[in-house]
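Trainee: I've just opened this one and would like to talk through how its features get their labels. Can we go step by step?

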Amino acid sequence: MHLSKRIQSILGDGDDGWGVFYKARAMLRAGIDITELTIGEHDIGTDSSILDAMHRAATRGHTGYADIAGVPALRDAVATRLQARTGTPTSRENVLITPGGQAALFASHMAVCDEGDTALFIDPHYATYPGTIRSVGARPLAIPTQSSRQFQPDPDRLRASAKGAKSLLINSPNNPTGVVYSQDTMEGIAAVCRHEDLWLISDEVYDGQVWQGAHLSPRALPGMAERTLVVGSMSKSHAMTGSRVGWVVGPAPVIEAAENLAINTTYGVPGFIQDAALFALRQGIAFEQKIAAPFCRRRAAAAAVFKDQDTVRLIPSGGAMYLMLDIRATGLSGEAFALRLLEEQHIAVMPGESFGRAAAGHLRVAMTVEDTRFLDALERLIRFAQMIRKDPIR
């Protein structure tokens, strides 16, 4: 008896690159005090008002099978939110509710990629992107960006790899870099997609966390609504990571086809959770801003910490809940530095290599602990990097 080749190939080289994270969690279980700046998990729980709405929906009986494409009122609310932010006409027929953004990524690629198709994505990338593409039987192809260009994708480099590809996956505001793609970048991406007849899958789960510049959804650009699938989620915008509510927004025929996938995989999202998500969306933009405020505040405070030293370079962050740090001046890889930082300073960060080759020699830091502890960890990280730079074999 053998496992399928598809499921055995999901990780590609067999390493998910998250060894530092797993080690940090093991140390925590052993009772060691670790400052954990690894994953994008809010340091607050889901707001009690949302949990109360979830409880009310459950006790009132919304615990059976729910509409597989999503409760109509929730689909309407998502459509209204997207239309308000993009100016692009959107209705419930353009919305499929999914069990989180990850399921939306899978459904999007399943909808547009056939077995053996080439699916492009931008490097650095969220850790699951290549595995998601492999999971649908497509071939992932990374398009590298450069730290010196603040990880903005180069349309010329993209165009050189796009011939014969089926889709392109982008993410702005970006995880892991925190970079918000500029209008020139987005227009360049859109031009490549139109010229090469690519589907564009736009992961916009951080669209409510923009600290500098403006978020531009490519779906709003000319000729793009009919070839763009937008992935969204309640996880980051409303601190509902464990509730698993996300969506795909796209052309109605794609959404209808993706609903057939949901029938044969997830069978939808529990109704009482969808009701809680609807309640949360109805709280409006002020509620989202309240959830995002700690990350905006910590980003501003962190910028001051990195001034007046040249050992650790802070990549300018325009959005999301992360900072990307260039530690190549220490002579260590991101993974080697992160392991030593964990073992010697009990600070856990993610090596850039976990997010692709373009982020080698970098670290991703999640701004997900309270302010004083966060800033103390950054100051210790810098001192540690300076020590390594002077004495790398210490």
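Trainee: Which element gives the most to the lining of the largest cavity?

Mentor: Strand S7 does, with four residues. Keep in mind that this is a predicted model. S7 covers 228–233, and helix H4 (72–86) also supplies at least two residues of that lining.

Trainee: What makes this space a cavity rather than a pocket?

Mentor: A pocket is open, while in a cavity a 1.4 Å probe fits but cannot get out. The structure holds one cavity of 30 Å³ or more, and the volume of the largest is about 50 Å³.

Trainee: How do you know that Trp247 belongs to the lining?

Mentor: A lining residue needs an atom within 4 Å of a cavity point. Trp247 is listed in the lining, along with others including Arg81, Glu204 and Ser233.

Trainee: How many of the lining residues are nonpolar, polar and charged?

Mentor: Five are nonpolar, two polar and three charged.

Trainee: Moving on to the helices, why is H12 called roughly parallel to H14?

Mentor: H12 (residues 285–305) and H14 (residues 371–390) pack at an angle of about 30°, with axes 10 Å apart. Angles under 35 degrees count as roughly parallel, so H12 gets that label with respect to H14.

Trainee: Which residues make the contact?

Mentor: From H12, they include Arg297, Ala301 and Val305; from H14, among them are Phe374, Leu378 and Ile382. By class, the contact residues divide into seven nonpolar, no polar and four charged.

Trainee: And what is the handedness of the crossing?

Mentor: Right-handed, as H12 passes H14.

Definitions and conventions:
Residues numbered from 1 in each chain as written. Predicted model: local features only at pLDDT ≥ 70, side-chain atom pairs only at ≥ 80, totals over all residues. Heavy atoms only, no water. 1 Å grid on protein atoms, 1.4 Å probe; cavity = no way out; pocket = protein on both sides within 12 Å on 5 of 7 lines; lining within 4 Å. Points joined across faces, edges and corners; volume = space filled by probe spheres on them. Nonpolar A, V, L, I, M, F, W, Y, C, P; charged D, E, K, R; others polar. Axes fitted to C-alpha atoms, helices over the stretch in contact; angles between N-to-C directions. Parallel < 35°, antiparallel > 145°, perpendicular 65-115°, else oblique. Left-handed = near helix turned anticlockwise from the far one by under 90°. Contact = heavy atoms within 4.5 Å.
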